[in-house]
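I am opening my notebook to write down what I look up in this structure, one topic at a time.

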Amino acid sequence: MGAMFSLKLPTAKGPLHVGCTDFMIDHSREGSFCRLYYPCEAVEQSRQPLWIPRYEYCAGLVNYLNRSRWSVPLLNLAFGYHTVPVAWNAPFRAEEKYPLIIFSHGLGAFRSVYSAICLEIASHGFIVAAVEHRDESAAFTYYYQSAAGDVEQETCEDGTPSAVPISPQVAQPGLKEVWLPVVKLKTGEEEFPLRNDQLRQRVKECSQVLNLLTDINQGKSVNNAFLGNLCPSVLKDCIDLQRVAMMGHSFGGSTSVQVVAEDPRFRCAVALDSWMLPLSEEMYSKDPGLVFFINSEKFQTEDTIRKMGRLQSMNNKIKIITILGSVHQSMTDFTLLTGNLLSLAFETRGTIDPLVGLKIIQKASLAFLQRHLDLPKDFNQWDDLVEGKGDHIVSEPRL
């Protein structure tokens with residue numbers, strides 16, 4: 001299969017050009033960090049951002065995968081040259097109000113790992129804010145402290161320093177980086193308490209990003225820690241705050257379910273191969289809201305399928321489909337960027353063509369979003385996918 005297509009992220013197929021920038025508003029750990037994909041003006045020449053934003057993220061992935069630190073340069077060699085086919089900091093297309101999607105990444109991921117999905121949705125007239133969580137579920141992330149204060153650097157489990165004094169984005173003067181590696185279960189530690197605590201922080205962070213974008217939309221001044229990036233003020237009056245949805249993969253899937261249940265500003269959620277373990281039992285005793293579960297064929301278990309069914313019994317508008325031939329990583333960019341050897345080693349591909357699988361996700365998601373955000377679009381041409389009708393999909397869960 002690796003010889004059938006080049007290893008790169010596909011360009012957006014929607015009618016709009018897509019720009020991209022990073023916002024870090026309030027540079028502290030309690031602030032918000034996200035990558036924004038947005039409709040932009042056409043530009044003759046543009047710089048495309050690296051898919052792995054910084055070398056440190058390679059170290060974070062290696063640590064998360066429990067590989068030797070000597071694997072870091074090899075991982076960087078394999079993935080470090082890939083770029084995202086968007087225009088970095090391109091002028092925002094301020095011609096209409098756009099619905100908003102907040103995207104939550106999975107365990108061991110970070111803000112750019114779902115670029116193929118996010119940029120495609122943005123090309124159809126959405127603003128997509130991909131959160132980088134600071135609950136220690138990201139492979140690696142960072143924030144800033146004042147250089148005048150004492151900064152306690154965190155380290156990976158192998159003891160290597162977690163910060164390197166090189167940054168492709170220029171931060172405001174007087175700030176010093178602090179890096180957060182992914183937290184791992186200790187021997188004998190029960191997983192649910194840790195993940196449920198992280199889930200609560202993730203929900204708070206997603207709502208906080210919506211608060212931030214609401215302030216920006218209302219013209220309030222915010223301070224981006226990154227100098228020279230797109231000015232947030234250009235988004236004023238261009239975010240349709242009546243049409244807001246959640247989307248996420250794995251841990252981000254359960255995060256999306258929890259956010260919609262708690263924050264009424266989010267009208268619906270698309271949960272990609274949701275990891276159900278972090279959700280408490282209380283979730284299954286009330287109407288969770290409008291959720292679209294898009295599952296892979298290989299990740300879910302009888303227990304997680306039952307949990308999805310219990311939620312569906314509370315709201316018959318909840319939809320559950322399975323993409324046949326897909327695996328858990330089929331929802332990520334890794335499925336497009338790994339050749340045969342790496343895909344076998346890390347199970348990043350199933351039997352379905354990666355591009356076909358991602359197109360199903362993108363089209364089905366857009367159809368569901370039109371249905372529940374009342375969008376004046378033609379995404380309903382893909383309504384059959386939401387019902388589990390079509391090639392490579394079924395409406396009932398598959399184990």
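Which residue is the bridge partner of valine 270 in strand 10? I looked it up, keeping in mind that the model is a predicted one, and found that the bridge partner is phenylalanine 292. The two strands concerned are strand 9, residues 268-272, and strand 10, residues 291-296, and they pair in the parallel sense over 4 bridges.

**Entry on the sheet.** I then followed the strands outwards and noted an open sheet of 10 strands, whose order reads 3-1-2-5-4-8-9-10-11-12 and whose pairing is mixed. At the edges I found strand 3 and strand 12 (393-394), each of which pairs on one side only. Helix 9, residues 354-373, packs on this sheet, and I listed its contacts as strand 4, strand 8 (239-249), strand 9, strand 10, strand 11 (319-323) and strand 12. The direction of helix 9 makes about 165° with that of strand 9.

**Entry on aromatic pairs.** I looked up the aromatic pairs next, and the structure holds 18 of them. In one of these, the rings of tyrosine 38 and phenylalanine 92 have centres 5.9 Å apart and planes at 55°, so I wrote the pair down as tilted. This pair links distant parts of the chain, since tyrosine 38 belongs to strand 2 (residues 32-40), while phenylalanine 92 lies in the loop between strand 3 (87-88) and strand 4 (98-104), 54 residues apart.

Why is the pair of phenylalanine 92 and tyrosine 98 edge-to-face? The centres of these two rings are 5.8 Å apart, and their planes stand at 80°, which is over the 60 degrees needed, so the pair counts as edge-to-face.

I also checked whether these residues are buried or exposed. Tyrosine 38 is buried, because its relative accessible area is 0%, and phenylalanine 92 is buried as well, with a relative accessible area of 8%. Tyrosine 98, at 0% relative accessibility, also counts as buried.

**Entry on a cluster and on charges.** Elsewhere in my search I noted one aromatic cluster, formed by Phe33, Tyr57, Phe110, Phe140, Tyr142, Tyr144, Trp179 and Phe226. Finally I looked for charges over rings, and recorded that the charged end of arginine 69 sits over the ring of tryptophan 70, 5.6 Å from its centre. The charged end of arginine 202 sits over the ring of phenylalanine 251, at 4.1 Å from the centre of that ring.

How values were computed:
Residues are numbered from 1 along each chain as its sequence is written. This is a predicted model: local features need pLDDT of at least 70, side-chain atom pairs count only at pLDDT 80 or more; totals for chains, interfaces and linings use all residues. Side-chain values use heavy atoms; hydrogens and water are left out. Rings of Phe, Tyr and Trp (its six-membered ring) pair if their centres lie within 6.5 Å; planes under 30 degrees apart count as stacked, over 60 as edge-to-face and the rest as tilted. Buried means under 20% relative accessible area, exposed over 50%, partly exposed in between (1.4 Å probe, protein chains only). A charge sits over a ring if NZ of Lys or CZ of Arg is within 6 Å of the ring centre and within 35 degrees of the ring normal. Two strands pair if DSSP finds at least two bridges between them. Contact means heavy atoms within 4.5 Å. Axes are lines fitted to C-alpha atoms, for helices over the stretch in contact, and angles run from 0 to 180 degrees between N-to-C directions.
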